[in-house]
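The following exercises ask the student to read a protein model step by step. Each task is followed by a worked solution.

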Amino acid sequence: MAASPNFEEGQSTYRPSRFNGQYYGWWKTRMHDFIMAKDSKLWDVIWDGPFDPTKTSGDLTVTIPKTRKEFNDIDRKAIEKNFRAKKILVCGIGPDEYNRISVCQSAKEIWEALQTAHEGTTQVKQLKIDMLTTEYKKRLTCLPQNMNFSE
């Protein structure tokens, strides 16, 4: 039997809820709300991916990545959003989960790795739904025909 989460830990506006590998749905909702309350643009970085500073080349239709020397203050602030989001996510997980995401370079990669590990891919989710639907229909056909559930 799984231990219940420590609902006292992480109940702060200054630190995120801690995820220890159990109750992912609970943690996911709380982490989303925590990040949105901190800075909704951090959630944009998690959802859309990090900002990559670019510049246009000579023909104005082609963009190329800027070198670090070419970054301006606006670029640096946008890049910092990814690192702030990563820090919040990393501070919200335990060591076992950290091993799962330690190679991730962006907050988006961290979020997706945790989601895939604990919820599965869209394809896996659909397979589970189909399997449960089939099982449900199979059980319905096994019920005696004269059973009346309205009583």
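**Exercise 1. Determine the order of the helices and strands along the chain.**

Solution. This is a predicted model. Read along the sequence, its elements follow the pattern α-α-β-β-α-α-α-α. The secondary structure therefore comprises 6 helices and 2 strands, by the DSSP assignment. Of the 151 residues in the chain, 26% are buried. Among the contacts with a separation of 6 or more, 46% are between residues 24 or more positions apart.

**Exercise 2. State which residues of helix α2 are buried and which are exposed, and explain how they are arranged around the axis.**

Solution.
- Step 1. Helix α2 spans residues 40-48, and Leu42, Trp43, Val45 and Ile46 in it are buried.
- Step 2. These buried residues cover an arc of only 155 degrees around the axis, so they lie on the same side of α2.
- Step 3. A general rule helps here: an α-helix has 3.6 residues a turn, so residues three or four places apart point the same way.
- Step 4. Lys41, Trp47 and Asp48, on the other side of α2, are exposed.
- Step 5. The partners of the buried residues of α2 are α1 (24-38), α3 (73-91) and α5 (107-119).

**Exercise 3. Describe what is found at the start of α2 and just after α2.**

Solution.
- Step 1. At the start of α2, the backbone nitrogen of lysine 41 has a side-chain oxygen of aspartate 39 within 2.9 Å.
- Step 2. Just after α2, the phi of glycine 49 is positive, at about 105 degrees.
- Step 3. A positive phi in a residue other than glycine is shown by tyrosine 23, where the value is near 60 degrees. Tyrosine 23 is placed in the segment before α1. With a relative accessible area of 36%, tyrosine 23 is partly exposed.

**Exercise 4. Classify the packing of α1 against α2 and of α1 against α5.**

Solution. Two packed helices are described by the angle between their axes and the distance between the axes.
- Step 1. The axes of α1 and α2 are 5 Å apart, and the helices pack at an angle of about 130 degrees. The two helices are therefore oblique to each other.
- Step 2. In this pair, His32, Ile35, Met36 and Lys38 of α1 meet Ser40, Leu42, Trp43 and Ile46 of α2.
- Step 3. The axes of α1 and α5 come within 11 Å and cross at roughly 155 degrees. Angles over 145 degrees count as roughly antiparallel, so this description applies to α1 and α5.
- Step 4. The crossing of α1 and α5 is left-handed. From α1, the contact involves Tyr24, Trp27, Lys28, Met31 and His32; from α5, Trp111, Leu114, Gln115, His118 and Glu119 take part.

**Exercise 5. Is lysine 66 buried or exposed, and which side chain is joined to that of lysine 66 by a polar contact?**

Solution.
- Step 1. Lysine 66 lies in the loop between β2 (63-65) and α3.
- Step 2. The relative accessible area of lysine 66 is 19%. Buried means under 20%, so lysine 66 is buried.
- Step 3. The side chain of lysine 66 is joined to that of aspartate 75 by a polar contact of 2.6 Å.
- Step 4. Leaving aside residues up to four places away in sequence, lysine 66 touches Pro53, Thr54, Lys55, Phe71, Asn72 and Asp75.

Notes
Residues numbered from 1 in each chain as written. Predicted model: local features only at pLDDT ≥ 70, side-chain atom pairs only at ≥ 80, totals over all residues. Heavy atoms only, no water. Buried < 20%, exposed > 50% of the residue type's maximum accessible area, 1.4 Å probe, protein only. Helix = DSSP H or I, 4+ residues; strand = E, 2+ residues; numbered from the N terminus. Arc of directions from axis to C-beta. Contact = heavy atoms within 4.5 Å. Polar contact = N/O pair within 3.5 Å; in protein donor to acceptor, adjacent residues only side chain to side chain. Axes fitted to C-alpha atoms, helices over the stretch in contact; angles between N-to-C directions. Parallel < 35°, antiparallel > 145°, perpendicular 65-115°, else oblique. Left-handed = near helix turned anticlockwise from the far one by under 90°.
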